[in-house]
Amino acid sequence: MKKWIAGAALAVTALTGMAMADGHGGYPERPVMLMVSYGAGGATDFQARIVTMTAGNEDALQMPVAILNKPGAGGRVGWNWFATQAEADGYTMGAYNVPHFIAQSIEGGVEYSVDSFEPIANWGADPAVFVVAADSEFNSMADVIAYATENPGGLTFSGAGLFVGHHIAALQLEKAAGVELAYIPNNAGGAGAMRAVIAGEVLGGVNNLSDAFRAREAGTIKILGVFDVERNEFLEDVPTMMEQGYDIDNASVNFRGVMVPAGTDQAIIDHLAAVVPTMFENERVAKRMTAGGSPMHIMTRDEVIEMWAQRKETLEALLAGL
């Protein structure tokens, strides 16, 4: 009996040593949750479910990832919860949207900032686009701006919330075109904003390229312009705002990725930073993202840290000048 106990003790010691040697204590030992600050059906939710579908693979987390939707106030509800209530144990990750949470933290009234979170990896870069219903009389941004010039404040258009990428794009368009627009944030996020356009509740909308791509494929909308510095491979027939005469850069492009709360153990952060990009690089993931018109832009943790810092600087200057 004593020999059996001694042998068991040695086995436990060996296993513990292996867990310590792997640098992350055997993490994860159970399924992981990914909090998404937007509702089901929107671009962030749609993409998050795709990029995590191979999480259980041997070359990834080896555990499934479950999506937790906490929508509201353009992402504020979810990110406030994530910054103040989520456990920093690696089992609750969050999807980030930039410029959204950075612009919101600059404007204030939220409980988070760049320092509240630790980035893990980036999976996509989704430009904003200007959309109108398929039967709209507008066929170009020139048509839209002409109407806005003749009807100050009369051009109603939807977006996913305040100080999200859609709103940043709208503010840039107002400034570049010298017009007054009526931006209407939708409580149901990007999906709700798109429904408002299709239903004719607004004259137009700013939305994600990925959502707009699928809606155009379904024949329900027209896409009149891209808020980026170059045309997108998914919409090669749609000109950028710059091509149409409006000095608008890529500040509103929606970068999406995974983060954890500040205070998470560095060994867990390092492990996630090493394996999460593998999920994003999976061939099945790439095919599903392409089929859904979702541009991928994979970045490592170090690259995301640099991107966050650059976007914060850009947004501080942009918002100060508006």
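A residue is called buried when its relative accessible area is under 20%. In the predicted model described here, S252 has a relative accessible area of 1%, and therefore counts as buried. S252 is placed in the loop that runs between strand 9 (221-227) and strand 10 (254-261). Leaving aside residues up to four places away in sequence, the contacts of S252 are P99, A128, G165, I168, A169, Q172, F227 and R311.

V206 gives a second case of a covered residue. It belongs to strand 8, which spans residues 204-208. With a relative accessible area of 1%, V206 is buried, because the limit is under 20%. The residues that V206 touches, again without those up to four places away in sequence, are A128, V129, F130, F157, S158, G159, H166, A169 and F227. Among the contacts listed for S252 are A128, A169 and F227, and these three names also appear among the contacts of V206. V206 is also paired in space with a residue remote in numbering: V131 is 75 residues away in sequence, while the C-alpha to C-alpha distance is 6.1 Å.

Burial was also examined for helix 2 (43-51). This helix is mostly covered, with 7 of its 9 residues buried. The buried positions are A43, T44, D45, Q47, A48, I50 and V51.

The nonpolar interior was considered next. In soluble globular proteins, nonpolar side chains tend to be buried together. The largest nonpolar core of the model contains 83 residues, and F101, F130, F227, L272 and W308 have the most contacts inside it. The element that gives the most to this core is helix 9 (residues 266-281), which supplies 7 residues. A second core, separate from this one, has 16 residues, including L209, A212, I223 and F234. W308, one of the residues with the most contacts in the largest core, touches Y96, V98, F101, I102, V114, F117, P119 and M259, not counting residues up to four places away in sequence. F130 and F227, also among the residues with the most contacts in that core, are both touched by V206.

Empty space was then examined. Rolling a probe the size of a water molecule over the atoms shows where empty space is left. The structure has 1 cavity of 30 Å³ or more, and the volume of the largest cavity is about 40 Å³. Its lining is formed by Y38, G39, P71, G72, G74, G75, A160, N187, A188 and G189. Sorted by class, this lining has 4 nonpolar and 6 polar residues, and no charged residues.

The largest pocket has a volume of about 370 Å³. It is lined by 18 residues, of which A125, N232, P295, M296 and H297 are the closest to its centre. Helix 10 and strand 11 (296-299) are the elements that give two or more residues to the lining of this pocket. By class, the pocket lining has 9 nonpolar, 5 polar and 4 charged residues. Helix 10 covers residues 283-291, and at its start a side-chain oxygen of N282 comes to within 2.8 Å of the backbone nitrogen of R284. Just after helix 10, G293 has a positive phi of about 65 degrees.

Positive phi values were also found in residues other than glycine. Q62 has a phi near 65 degrees and lies in the loop between helix 2 and strand 2 (65-69). Its relative accessible area is 45%, so Q62 is partly exposed, a class that runs between the limits of 20% and 50%. A73 has a phi near 55 degrees; its place is in the loop between strand 2 and helix 3 (76-84). A73 is likewise partly exposed, with a relative accessibility of 46%. In numbering, A73 falls between G72 and G74, both of which line the largest cavity.

Two cis peptide bonds complete the description of the backbone. The bond from Y27 to P28 is cis, with omega near -5 degrees, and P28 is located in the loop between helix 1 (2-21) and strand 1 (32-36). V98 and P99 are also joined by a cis peptide bond, with omega about 25 degrees. P99 is found in the loop between strand 3 (92-98) and helix 4 (100-107). Both partners of this bond recur in the contacts described above: V98 is touched by W308, and P99 by S252.

Key: Residues numbered from 1 in each chain as written. Predicted model: local features only at pLDDT ≥ 70, side-chain atom pairs only at ≥ 80, totals over all residues. Heavy atoms only, no water. Polar contact = N/O pair within 3.5 Å; in protein donor to acceptor, adjacent residues only side chain to side chain. Helix = DSSP H or I, 4+ residues; strand = E, 2+ residues; numbered from the N terminus. 1 Å grid on protein atoms, 1.4 Å probe; cavity = no way out; pocket = protein on both sides within 12 Å on 5 of 7 lines; lining within 4 Å. Points joined across faces, edges and corners; volume = space filled by probe spheres on them. Nonpolar A, V, L, I, M, F, W, Y, C, P; charged D, E, K, R; others polar. Core = buried A, V, L, I, M, F, W, Y, C linked by side-chain atoms within 4.5 Å. Buried < 20%, exposed > 50% of the residue type's maximum accessible area, 1.4 Å probe, protein only. Contact = heavy atoms within 4.5 Å.
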